[in-house]
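Please open the model in a viewer and keep the sequence panel visible. The stops below proceed from selection to selection.

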Amino acid sequence: MSGRDVTTGTTTKRQRADGEGGSAPATSTSLRGTFIRDLIPMMFGFGDDESPLVETADALEELVIAYASGVLQESLDLASRRGRVKSNGKPLGPPTAEDVMTVVRRDGKKSNRVEELLIMQREIKVIQEMEKTDEESLAKLVQ
């Protein structure tokens with residue numbers, strides 16, 4: 001895919017998120033590249049090109065990282081205000097689901113989605129336990 005370089009006015013080969021067209025530019029974000037593989041199919045599912053431009057995927061990833069970092073920082077601050085910190089000021093552990101729910105509760109869609117994900121997580125855990133038990137039962141029958 002070709003594009004026009006706004007700064008020089010020349011036509012250039014645009015870089016694609018699927019690896020075509022060269023390597024991606026470096027950024028200072030340590031999480032950069034963490035979500036790209038998951039975001040590209042999501043972008044396609046919501047109507048973007050099957051192989052979006054790297055710049056588009058990078059911009060979306062930066063937004064995801066900034067949003068998630070903000071929610072987690074607010075959750076850590078909340079944990080601190082609730083007294084769940086060590087004497088040196090560091091949190092006792094990662095933010096809990098309750099902390100995250102408190103942060104996103106004002107947004108009904110996000111709050112409902114977090115609740116759905118927590119329910120699914122519990123259901124998956126129960127199913128995995130059932131499968132483990134079934135496998136152990138089958139192993140005993142085979143012996």
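A contact here means heavy atoms within 4.5 Å. Helices (H or I, at least four residues) and strands (E, at least two) are DSSP runs, numbered from the N terminus. The model is predicted, so local features need pLDDT of at least 70 and side-chain atom pairs count only at pLDDT 80 or more, whereas totals for chains, interfaces and linings use all residues. Residues are numbered from 1 along each chain as its sequence is written, and side-chain values use heavy atoms, with hydrogens and water left out.

**Whole chain**

Select the whole chain and colour it by pLDDT, the predictor's confidence in each residue, from 0 to 100. The average is 76, and 76% of the residues score at least 70. Among the elements, helix α1 (residues 36-45) has the highest mean pLDDT, 91, and strand β1 (residues 2-4) the lowest, 39. Residues 1-14 have pLDDT below 50; this stretch has 19 contacts in the model beyond near neighbours in sequence. Residues 18-28 also stay under 50, and the model has 15 contacts for them beyond four places in sequence.

Now switch to a cartoon view. Four helices and two strands make up the secondary structure, in the order β-β-α-α-α-α along the sequence.

**α1 against α2**

Select α1 together with helix α2 (residues 54-81). Which residues of α1 meet α2? They are Ile36, Leu39, Ile40 and Met43, and on the α2 side the partners are Thr56, Ala57, Asp58, Leu60, Glu61 and Val64. By class, this contact has seven nonpolar, one polar and two charged residues. In this classification Ala, Val, Leu, Ile, Met, Phe, Trp, Tyr, Cys and Pro count as nonpolar, Asp, Glu, Lys and Arg as charged, and the others, Gly among them, as polar.

The two helices pack at an angle of about 110°, with their axes 10 Å apart. That makes α1 roughly perpendicular to α2. Axes are lines fitted to C-alpha atoms, for helices over the stretch in contact, and angles run from 0 to 180 degrees between N-to-C directions. Angles under 35 degrees count as roughly parallel, over 145 as roughly antiparallel, 65 to 115 as roughly perpendicular and the rest as oblique.

**α2 against α3**

Keep α2 and add helix α3 (residues 97-104). Their axes lie 9 Å apart at an angle of about 110°, and α2 and α3 are therefore roughly perpendicular to each other. From α2, Tyr67, Val71, Glu74, Ser75, Leu78 and Ala79 meet Asp99, Val100, Thr102, Val103 and Val104 of α3. Seven nonpolar, two polar and two charged residues form this contact.

**Around α3**

Display the surface and select α3 alone. Is this helix mostly covered or uncovered? It is mostly covered, with six of its eight residues buried, where buried means under 20% relative accessible area, exposed over 50% and partly exposed in between (1.4 Å probe, protein chains only). The buried residues are Asp99, Val100, Met101, Thr102, Val103 and Val104. What covers them includes α2 and α4 (108-142). Over the chain of 143 residues, 20% are buried.

**α3 against α4**

Finally, select α3 and α4. Their axes come within 8 Å and cross at roughly 160°; α3 and α4 are therefore roughly antiparallel to each other. Here Ala97, Met101 and Val104 of α3 meet Lys110, Ser111, Val114, Glu115 and Leu118 of α4. The classes in this contact are five nonpolar, one polar and two charged.
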